[in-house]
Amino acid sequence: MIVYPPDAEGERRVRVDGKFLGRATGPGDLFAFLRRAGLDPDDVHLDDQLLNEWRGGGSAVRTPDTDSSSPMRAATPVGMAARSHDGPSHG
């Protein structure tokens, strides 16, 4: 699973096995995506670096780094409703 850096809304694009599954706002979304991809979330640890690639910070990062002199900011997860993408995949 690849979790991309947060966008301006704090959502992170998620890919599993090369397929774009949607945008996550928190761990609940990621587990929903894993289930949809046929994986058992109980068998997947989000901090497992062999299975998961976090780009732009780890699971606690929710806001983009807009100031290059400051570290990325962490925020409390907002909402857990997974938003999926049914159209063609975009990078």
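Is R55 buried, partly exposed or exposed? With a relative accessible area of 32%, R55 is partly exposed. The legends below describe close-up views of a predicted model.

**View A. The salt bridge between R55 and E53.** R55 pairs with E53 in a salt bridge, and their closest N and O atoms lie 2.6 Å apart. The partner E53 is likewise classed as partly exposed, at 35% relative accessibility. This pair belongs to a structure that holds two salt bridges.

**View B. The salt bridge between R23 and D7.** The side chains of R23 and D7 meet at 3.6 Å, N to O, in a salt bridge. Strand β3 carries R23, whereas D7 sits in the loop between β1 (2–3) and β2, so the salt bridge ties together parts that are 16 residues apart in sequence. R23 has a relative accessible area of 27% and is therefore partly exposed.

**View C. The largest nonpolar core.** Eleven residues make up this core: M1, V3, V14, V16, L21, A24, L30, F33, L34, V44 and L46. Two or more of them come from each of β2 (12–16), β3 (19–24) and α1 (27–36). The largest share, three residues, is given by α1. In soluble globular proteins, nonpolar side chains tend to be buried together.

**View D. The surroundings of V44.** V44 is one of the residues of the largest nonpolar core. When neighbours within four places in sequence are left aside, V44 is in contact with F31, L34 and N52. Of these contacts, L34 is also listed in the core.

Terms used: Residues are numbered from 1 along each chain as its sequence is written. This is a predicted model: local features need pLDDT of at least 70, side-chain atom pairs count only at pLDDT 80 or more; totals for chains, interfaces and linings use all residues. Side-chain values use heavy atoms; hydrogens and water are left out. A nonpolar core is a set of buried Ala, Val, Leu, Ile, Met, Phe, Trp, Tyr and Cys residues joined through side-chain atoms within 4.5 Å. Buried means under 20% relative accessible area, exposed over 50%, partly exposed in between (1.4 Å probe, protein chains only). Helices (H or I, at least four residues) and strands (E, at least two) are DSSP runs, numbered from the N terminus. Contact means heavy atoms within 4.5 Å. A salt bridge is a side-chain nitrogen of Lys or Arg within 4 Å of a carboxyl oxygen of Asp or Glu.
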